[in-house]
Structures are given as C-alpha cells and as structure tokens.
Amino acid sequence: MADTMQGRRGADRRWLALFLALGIDWLWGDPGNRWHPVAWMGTAIAWLRRRAPQGGRGTALFYGFCLAGGGAAASAWMVRLLSDALSRTPMPVAVPLEAVLLKMTFSLRGLLTAGGSVKAALEQGEPDAARRLLAWHLVSRDVSQLDASQIAAATIESLAENLSDGVLAPLFYYALMPRAEWGLPAAYAYRFLNTADAMLGYRDAEREWLGKASARLDDLANLLPARVTALLIVACACAVDGSGRRAWRIWRRDARQTASPNAGHPMAAMAGALGVALEKVDHYVLGAGLPNPDSADIGRALRLVGVVAGVGIGLLTLLRRIRR
C-alpha cells in the first residue's frame, strides 16, 4: 500500500511539474549560460574534447564512446540523486524544483522567439540581419550566400528539427519512463547525448571518429521522437491551412534524403504540411516541385510548431494516464 501511494504521489508530482515547467518556459524562457545545465554539459564536452588522446581511429572511437555514454550516465546519475531527494520532499517544494529542472531540458519559447526574429528581419528587408540571427540561433551551416527564400527554408527546417529534439524528445523521455523518479534522469541523459552530437557529430578530420558514438547514440535516442513528431505535424497540418495528405506523402517520399536518419522526418512532414520546398543547396530538396518559402511561411511554421507541441504534450499526458 505504501509503495502504491508513493507511486501515485510521484506520478502526480510529475504531471504538475510538467505543466509548471511549460509555464516557466513560456513566461521566463531560458536563464543565462551561467545557470543552465545544458551549457554546463557543453563546457564539460569541450573540456573532454581538448583532452582526447592522440591515436588512430580506434582510440578516438573508444574515447568518444566513453565521453558520450559516460557523460549521459553521469548526468542521469546526478539528476537521479536529486530526483530521489525530491521524492522525500513535501509536494509544495518538490513540484517547483522538479519543474525548474525539467524546464532546463527543453525550450519552446526560445525556439519560437528565434524563428520569429528571422521572420521579422526578412519582413523588414534586412537579409543580412536575418542571416546573422539564423546562424546565431538556429543552424550551424554557412549562411553567408543564402537568399531570402533559402533563409526562410533553413529557418523552417530548423523549427521542425528542433521541435523534435529540442522540445518533444526530452518531454517524451520524462513523461513515459515507467517510474516517476526515472523521468528527469532520462531527460538529462537525452539532453547530454543531443548536446554531444551537436558539438562532436561532424565529419571533419578531428571529429570524424571522436564524435561517431555521440552521433549514433543520439540517432538511437531520437529514432522514435522524430517519427512521432512527423506524425503529429501530419495530423495538425490543417491548423495552418495545410494539407495532412500532402504532408504524409512528402514525409514518406523525402524523409530519407537527409544525412541524418531522423532529421528528415519532421522536416519533410513540415515541407508537405506547409506546401513548400525546403532545399539545402547541394544536399537535398524536401518537397521538390512545391513553391519556395517566404517569411509568411515561417509564420505558418511557427504556428504549427506551437500547435504540435501542445497536442504532443497532451498526448503524452493521456498515454501516461492510460498506462496508470
């Protein structure tokens, strides 16, 4: 009986914390890097990268695996200690603390703000400012030669991809862990893998093998969230006067064009939902044959991101209730 009561208390705390975290994100957004656990993860990854041993591919691969797997495990362990402490803390204290910790794993307001700033710059006829904002907030590629339509396409792509790995995926792991005390550790382990991939998952001479484990573990962690996000985009396309049927068709046709096994899924679904072509020059075209996007399409993408996030969080809540 005591275990049952404690389990229900943990489940109730989890859902209260989830909705409070959403409120914190919407009202206050992200704190500065000094106070942000994901920034601390980035600092740790950079420190470990500088100390990577010199050797062949095998050495780099092994070190990279230890960095990614060990960092994710260490993040989960530290947060599990906090989660265990919260389980013994009165609810009025435990819920706000857990909500703050959870909020650090996702950023819906930051994503919408970043996309909106690029949209505003394009509408004001300031492509240089739009490129600068795009590179600062949303993409790591060279944007110096992008025209207005390509800026819009890159922004929409990033909104779709980050909707999956920056919003829904960490909440997916938090909400669907079978025990309440595993939710936060799982979200933080995911966040570490995603950060490591963002910093190390490149095919240059230094990181080709060092970042391979980070990239593959992140691919595995995003396998289901990316496809669920794409399906939600298809289901919600009508909310922005888009076509769910077209979103489904473009998703199934074009999702595998990207180098990433996951990023193409929400991006292709977004292209179909909005009825636009999303091109990364010399790499892929998602929705080939559709019109090129403009700043108005960024606005539609922003609205669709908000709708999909809301529906996704509602479904996570429903699924968890059914499982209980």
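Trainee: At which residue in α9 does a kink of about 45 degrees lie?

Mentor: This is a predicted model, in which local features need pLDDT of at least 70 and side-chain atom pairs count only at pLDDT 80 or more, while totals for chains, interfaces and linings use all residues. Residues are numbered from 1 along each chain as its sequence is written, and side-chain values use heavy atoms, with hydrogens and water left out. In α9 (helices are DSSP runs of H or I, at least four residues, numbered from the N terminus), the kink (the angle between axes fitted to the seven residues ending there and the seven starting there) comes shortly before the proline Pro-225, at Asn-222.

Trainee: How far apart are the end C-alpha atoms of α9?

Mentor: The 25 residues of α9, at 1.5 Å a residue, should span 36 Å (1.5 Å times one less than the number of residues). That expectation agrees with the distance between the end C-alpha atoms of α9, which is 35 Å.

Trainee: Which residues does Ser-83 touch, not counting those up to four places away in sequence?

Mentor: Ser-83 belongs to helix α3, which covers residues 57-87. Ser-83 has a relative accessible area of 1%, so Ser-83 is buried (under 20%, with a 1.4 Å probe and protein chains only). Its contacts (heavy atoms within 4.5 Å), leaving out residues up to four places away in sequence, are Arg-13, Ala-180 and Glu-181.

Trainee: Which residues in α10 are met by Arg-227, Ala-230, Leu-231 and Val-234 in α9?

Mentor: Helix α9 takes in residues 212-236 and helix α10 residues 244-254. The residues in α10 that those four in α9 meet are Gly-244, Ala-247, Trp-248 and Trp-251.

How values were computed: Axes are lines fitted to C-alpha atoms, for helices over the stretch in contact, and angles run from 0 to 180 degrees between N-to-C directions. Helices (H or I, at least four residues) and strands (E, at least two) are DSSP runs, numbered from the N terminus. Buried means under 20% relative accessible area, exposed over 50%, partly exposed in between (1.4 Å probe, protein chains only).
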